[in-house]
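The following note is intended for a student who is meeting this structure for the first time. Please keep the sequence and the model in view while reading the numbered points.

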Amino acid sequence: MTRIVHVNGQYLPEAEATVSIFDRGFLMADGVYEVTSVLGGKLIDFPGHAARLERSLAELDMTSPVTTDELLAIHRELVARNSITDGMVYLQITRGNPGDRDFAYPDPPVTPTIVLFTQSKPGLADNPAAKTGIKVVSIEDIRWGRRDIKTVQLLYPSIGKMMAKKAGADDAWMVEDGFVTEGTSNNAYIVKNGRIITRQLGTDILHGITRAAVLRFAAEAQMEIEERAFTIDEALAADEAFVTSASAFVMPVVQIDGAAVGDGRPGRVATRLREIYLDESRKAAL
Ligand code: PLP
């Protein structure tokens, strides 16, 4: 089946969808994105992703070419046209095509470019990695200083994933000034004596939509939460560790830099939070 994608108001077979070589997303990584999971044909936490998209755009003095209602309609249309049961919808908005290359933003602004496509991942919520946990390695965080904006500058996270792969691990946790910031594409947590510890929000990490939901569910379940930075040593001395993201949900981490976390198996808190997150998110899905 040919994938149908959305480009600037049109639904097209993927091979017919094009963007200009002068698009600032292509030349300058001048664009933002969102990834929304689909479970059972419905969108997980769409309002959270739509709200963060607005914030990312505003921080970069961009405006969305579509309203949130239109965005929801496009997401749904793509899910339907591509018969997605489980998977993801990727959305990207760039500052558009000024017709030439220039560091300065186009003045007046040109119409932003909007692209959406689906990725089919049957059984996304039954990822076997959730039963075994994943391995991470620590690497230095050398990204820019506005990681709270979800830009398409993903070269260093890609390099980090390759460093992890080379080391026989699944992912990397990035460390700045001795403290873990986040994973290459997820937020990082440890659990000690039942208390969930995760870095506080700021400009140094992405404000994960899954993070917000998981912390809300954890608080509702009377779990203790501490929002502060932690070190790799502290993580190695913790009872468990995990990451969260829109596509991995809650994923246990069982090894860091080759050493076991806790007993080396997915922890109780991570496993419970994954269940709660999946249950509650499916109920609220649009
Ligand atoms: N941190 C980074 C650097 C990410 O790239 C992502 C997701 O792509 C996350 C955290 C998790 O965010 P969310 O839960 O909104 O997917």
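1. A salt bridge is a side-chain nitrogen of Lys or Arg within 4 Å of a carboxyl oxygen of Asp or Glu. D148 and R55 form such a pair, and their closest N and O atoms are 2.9 Å apart. Please bear in mind that the model is predicted.

2. The domain layout should be described next. The domain assignment divides the protein chain into domain 1 (4-122) and domain 2 (129-284). Taken over C-alpha atoms, the centres of domain 1 and domain 2 are separated by 26 Å. Each domain takes part in the contact: 20 residues come from domain 1 and 20 residues from domain 2.

3. How much area is buried between domain 1 and domain 2? The value is about 1,800 Å², and carbon and sulfur atoms give 63% of that area. On the side of domain 1, the residues that lose the most area to domain 2 are Y33, L39 and R52, which together account for 32% of what that side buries.

4. Polar interactions also link the two parts. Between domain 1 and domain 2 the count is 2 salt bridges. Across the interface of domain 1 and domain 2, 7 residue pairs are found in polar contact, both residues having pLDDT 80 or more. Which elements supply the side of domain 1 that touches domain 2? Strand 3, helix 2 (46-59) and strand 5 each supply at least two residues. The largest share of that side, 7 residues, is from strand 3.

5. The interior deserves a separate point. The largest nonpolar core has 27 residues, and those that touch the most other members are L39, I196, F242, F249, V250, L273 and Y277. Two or more residues are given to this core by each of strand 3 (31-39), strand 5 (87-94), strand 10 (187-192), helix 6 (209-220), strand 14 (249-256) and helix 8 (268-284). Helix 8 gives the most, with 6 residues. This core draws at least three residues from each of domain 1 and domain 2.

6. L39 merits individual attention, as a residue named both for the area lost to domain 2 and for its place in the largest core. Leaving aside neighbours within four places in sequence, L39 is in contact with I44, T85, D86, L124, A125, F249, L278 and R282. Another core, of 22 residues, lies apart from the largest one, and I74, V89, I114 and L116 are among its members.

7. Two residues other than glycine should be checked for a positive phi. For F249 in strand 14, phi is near 60 degrees. Is F249 buried or exposed? F249 has 0% relative accessibility, so this residue counts as buried. For D177, phi is near 50 degrees, and this residue is placed in the loop between strand 8 (171-176) and strand 9 (179-183). D177 has a relative accessible area of 72%; because exposed means over 50%, D177 counts as exposed.

8. A final point concerns the backbone at a proline. The peptide bond from D107 to P108 is cis, with omega near 0 degrees. Where is P108 placed? P108 is in the loop between strand 5 and strand 6 (113-120).

Key: Residues numbered from 1 in each chain as written. Predicted model: local features only at pLDDT ≥ 70, side-chain atom pairs only at ≥ 80, totals over all residues. Heavy atoms only, no water. Core = buried A, V, L, I, M, F, W, Y, C linked by side-chain atoms within 4.5 Å. Buried < 20%, exposed > 50% of the residue type's maximum accessible area, 1.4 Å probe, protein only. Helix = DSSP H or I, 4+ residues; strand = E, 2+ residues; numbered from the N terminus. Domains from an automatic or database assignment. Contact = heavy atoms within 4.5 Å. Buried area = accessible area lost by both parts, 1.4 Å probe. Polar contact = N/O pair within 3.5 Å; in protein donor to acceptor, adjacent residues only side chain to side chain.
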